[in-house]
Amino acid sequence: MILRHDETCGEAGFTLLEVVCIVAIVALIAAVALPAMPRGASRAQFYAVATAAAALLKADRVAAMRGGETVSTAIDPIGHVIRSGSGGRVVTAPPDIAFSALLAESCGGRDAGSTISFFPSGLSCGGTISLSRLGETLEVRVAWLTGGVEIVPKKTF
């Protein structure tokens, strides 16, 4: 049996209309799905949270020294919140940034709870706030002796 050319070869490929329809469907799905996807904190946002936390702690230390009375900064690791004891400022870390704190059990003869206290002398109870994202960790450290605040990258092995 001999086949003719028109019987063996059909048209191959897609029409322009079919391609446009597929592109439109993909664009529609992307427009609906992308806003619903959770977005994580960028590296810049991660560093901004650590910097804002350090700035808030430094401001509370200065307020204690200028005001002549103890100022306590509240730390809430579960809510990812640091609340100023002097001005009502709040720093909130996004949920995708792991947040933990190492705080003193007692300070100045009283239970410290979940706070870092700064005294009029410049001293503090000290503590460390640890922020982690995608294998990178920053620690916001408050020295108990000097009350100084610093951001230190923590090496993970």
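1. Let's start with a term you'll need: a salt bridge is a side-chain nitrogen of Lys or Arg within 4 Å of a carboxyl oxygen of Asp or Glu. Keep that cut-off in mind when you look at R133. Its place is in strand β8, and R133 is buried yet has no salt bridge. The nearest side chain of opposite charge belongs to E136, 4.3 Å away, and a salt bridge has to be within 4 Å, so this pair doesn't make the cut. Bear in mind that this is a predicted model.

2. So what does R133 touch? Leaving out residues up to four places away in sequence, R133 touches A41, S42, R43, F46 and I97.

3. Now have a look at the sheet with the order β4-β8-β9-β10. This is an open sheet of four strands, and the pairing is antiparallel. β4 (98-103) and β10 are the edge strands: each has a single partner strand, so one side of each is left without a neighbour in the sheet. From one strand to the next, the twist averages 20°. A helix joins in too: α3 packs on this sheet and touches β8, β9 and β10, and its direction makes about 5° with that of β9.

4. Zoom in on β9 and β10. β9 pairs with β10 (residues 149-154) in the antiparallel sense over six bridges. You can check the register with two pairs: E139 stands opposite V152 in β10, and T137 stands opposite K154 in β10. The hairpin of these strands has six residues between them, and there G147 takes a positive phi near 75°.

5. There's another open sheet to find. Four strands form it in the order β3-β2-β1-β7, again with antiparallel pairing. Here β3 (90-92) and β7 (115-118) stand at the edges; each has a single partner strand, so one side of each is left without a neighbour in the sheet. The twist averages 10° from one strand to the next. Within the sheet, β1 (residues 71-76) and β2 (residues 81-83) pair in the antiparallel sense over three bridges, and the bridge partner of A74 is R83 in β2.

6. Next, the inside. As background, nonpolar side chains tend to be buried together in soluble globular proteins. The largest nonpolar core here has 24 residues, and L57, I82, F99, I129, L131 and V140 touch the most other members. Who contributes? α3 (43-67), β1, β7, β8 (127-133) and β9 (136-142) each supply at least two residues. The largest share, eight residues, comes from α3.

7. I82 is a nice one to click on. Apart from neighbours within four places in sequence, I82 is in contact with A53, L56, T73, A74, I75, R89, V90, V91, F99 and I129. Among those partners, F99 and I129 are also on the list of core residues that touch the most other members.

8. Finally, two backbone oddities. Most residues other than glycine have a negative phi. H80, though, has a positive phi near 60°, and L134 has a positive phi near 50°. H80 sits in the loop between β1 and β2, while L134 is found in the loop between β8 and β9. Is each one buried or exposed? H80 is buried, because its relative accessible area is 14% and buried means under 20%. L134 counts as exposed, because its relative accessibility is 75% and exposed means over 50%.

Definitions and conventions. Residues numbered from 1 in each chain as written. Predicted model: local features only at pLDDT ≥ 70, side-chain atom pairs only at ≥ 80, totals over all residues. Heavy atoms only, no water. Pairing = 2+ DSSP bridges. Axes fitted to C-alpha atoms, helices over the stretch in contact; angles between N-to-C directions. Core = buried A, V, L, I, M, F, W, Y, C linked by side-chain atoms within 4.5 Å. Buried < 20%, exposed > 50% of the residue type's maximum accessible area, 1.4 Å probe, protein only. Contact = heavy atoms within 4.5 Å. Lys, Arg positive; Asp, Glu negative; His and termini not counted.
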